Amino acid sequence: MSEREKILSRIREALTLSAAVPGHPQDHLLQVVSEEEAAQHIHEWLPAVGETLEDGLALFAKNSYELKTDFRLVDSEEDLLAQLAEMASGWKKIAIHRGELTDAVCGKLGLPVCITDEGYDASYLESCDVGITQCDCLVAQTGSVLVTARSAGGRALSVLPPHHIVLARRDQLLPDLPSAFALLEERYATNYPSFISLITGPSRTGDIERILVLGAHGPKQLTVLCI
Amino acid sequence: MTTHAQQFSSDADRTTRDLEQRAQIQSALRSYEVARDAHKSAFQDWEAARQTAAEIKWDAVNHLDQYLSEFAEKLQARGTQVHWASNAQQARDIILNIIRANNARSIIKSKVMTGEEIHINEALEKAGFEVVESDLGEFIVQLRREAPYHFVFPAMHLKRGEISELFSRELGTAPTDDPEELTMIARRVLREKYITADVGISGANFAIAETGMISITENEGNARLTCALPRVHIALLGIEKVLPKLRDLALFLPMLATAGAGQALTCYNSLYGGPRQPGESDGPEEFHVVLLDNNRTHLLADKEQRDALHCIRCGACLNVCPIYRNVGGHTYGTTYQGPIGSVITPHLRGLQDWKHLSNASSLCGACTQACPVKIDLHHHLLQNRRNAFTENPAWREKLTFKLFRLVMNQPRVYLFCVKLSRLIQPLHRFVDGTRLDPALGWTKTRKLPKIAPQTFKEFWQNRK
Ligand code: SF4
């Protein structure tokens, strides 16, 4: 018997005795909340979010402020470029991936560019001042950015450089976590990317005397530019 | 008494005298409580969320064979190699074989509690490999060559001065009192390691059966780097980590963050479903998932305590536990400290050797109340006590209860005993606190109360 079968048979053996559902009288064996019910109701239990896009943007802005994410609404592509150009004064080289929004800014900053889709050297990527990516969506409820290997240029681009800039469109803002997971299912269910991440604020640690320090291993700065 | 029990009581004796350390732990955990409460109250209905989380975990654990098979098949379909290990030795061998087959030299690790459980670092070092912990807290305790103090906050017992000294000694850096500078030292040292490491080892917080993915929750980004840069990624996880559906994370991620660290959501919640896929720009060439039993099926077979496998290792029960707060994490001598550790360690490592942990409890139930998946922790502590006693009755306790019953069943004998002890109590002061003192367990740290001059019955009869 393989180890897999041994473990599975021990599990089956153990499960011949049934256990009570938590929170219910002993020996009550039926589940009360079905999977479908839970999926329908979960947004009623999680932290509240508003109805409109404006509510969502306001909540995202409030969460960003608390998380120390630099969130900026921009009005046009020119405005976006202007904001980037302003930040770019201290940069020597940037890292980016191909995409609708990233392509628009890529060559325009006049800096050497590392494009991760074409393969890259990890030390070189590490030495870039900023990683610029797109995302799958923004989540108002938690101030999070959802990225995947496909939408954001792989696994390392959004975590290795010291500054991560996300370019997003307003219509990418979703109200809450359940809708973000629904989006993933809808978009990728037949073939998920090998990497998916919900990024909530810049990298942080509290491991020394529980004092908050930003930029533990990932980016010290997270900027979200929303057009 | 077993040696583990003796060790526990002597360590507890020492640590509870360290008032400074106790104050540090308590103030850290109090500020955690404030943050946790704030985020908990942001939930529209925390209790409903908790109940559902408990039921989803119940479903997962009570159909574990189905979900585990589904999880493994989905992973394999996308090029992941899934390994099964019944015990720690097998898991260590599997990991060592992968590393040898890849001619790897250096290994970077993000936090893996299951790794502590199977002592993977020692095994790797003995085999001649360099292993570096990348989580800041784990990095610090690894440099100190000690175990994590808390399975969520590994270095919470240390002061910045101690960390600064440690870094100067081990890394040759200039002393500093600034937590930010200390963090940056670790950042600099570890950055090189990510880039040069051949193998990254991680744990997992959840295993999603539906899609065949592991989910890792972290704040620092070290796990993301560990899973992005090295050529080979190995994830080691217990078989109980499964969740049926991807969307279950919409509930579990915020609950884990809120209960565990007082955050709305942890900084990075990342899912890994395979090695680098066609068309992707990076990621490991090989992805291995090692599923560890190591007596979890023993716990599964106990239907009374099976729900302890629902645990998502948030650490909330440690944070609120009056015992943990005062004896501290190292005293337990276990991989998993606090109430959940006291419940499961007897199953993982032997009831008679670890039953003393279930006695180190005030049974206040704070743990049960804090648990986001509603594990009935304090009742499990009682059940462990009962099971330990039924399996191996201690003659001393048996005798004590026999005598107790004898006395309490006969009012005359009881009254006689009360009168007698009133008479002999004055003699107690001659042995007070010495080794001859029959009440030493009490008098070591407290005064013995004086027996009242009259019983309540006497008082009632004599009242005017
Ligand atoms: S037992 Fe509950 S409170 Fe304790 S670590 Fe596990 S999930 Fe958290």
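**Chain B: domains, a covered strand and a ligand shell**

In chain B, the C-alpha centres of domain 2 and domain 3 are 55 Å apart. The model is a predicted one. The assignment behind those names splits chain B into three parts. Domain 1 is written as two segments, 1-34 and 315-392. Domain 2 covers 42-294, and domain 3 covers 398-462.

Start with strand S2 of chain B, residues 106-109. Are its faces covered or open? Both are covered. Ser106(B) and Ile108(B) lie on one side, and both are buried. Ile107(B) and Lys109(B) lie on the other side, and they are buried too. Buried here means under 20% relative accessible area. The split into two sides follows a general pattern: in a regular strand, side chains alternate between the two faces of the sheet.

Now look at the partners of S2(B). Strand S3 of chain B, residues 130-133, runs parallel to S2(B) and is joined to it by four bridges. Across this pairing, Ile107(B) stands opposite Val131(B). Strand S4 of chain B, residues 199-202, also pairs with S2(B) in the parallel sense, over three bridges. Here Ile108(B) faces Gly200(B).

Turn next to the ligand. Which residues come closest to the ligand? They are Cys311(B), Cys314(B), Gly315(B), Cys317(B) and Cys371(B). In total, 14 residues surround the ligand. By class, twelve residues of this shell are nonpolar, one is polar and one is charged. Cysteine counts as nonpolar in this scheme, and glycine as polar. The ligand takes up the space of the second largest cavity.

Conventions. Residues numbered from 1 in each chain as written. Chains lettered and ligands numbered in written order. Predicted model: local features only at pLDDT ≥ 70, side-chain atom pairs only at ≥ 80, totals over all residues. Heavy atoms only, no water. Domains from an automatic or database assignment. Buried < 20%, exposed > 50% of the residue type's maximum accessible area, 1.4 Å probe, protein only. Helix = DSSP H or I, 4+ residues; strand = E, 2+ residues; numbered from the N terminus. Pairing = 2+ DSSP bridges. Near = heavy atom within 4 Å. 1 Å grid on protein atoms, 1.4 Å probe; cavity = no way out; pocket = protein on both sides within 12 Å on 5 of 7 lines; lining within 4 Å. Sits in = over half its atoms within 2 Å of the grid points.
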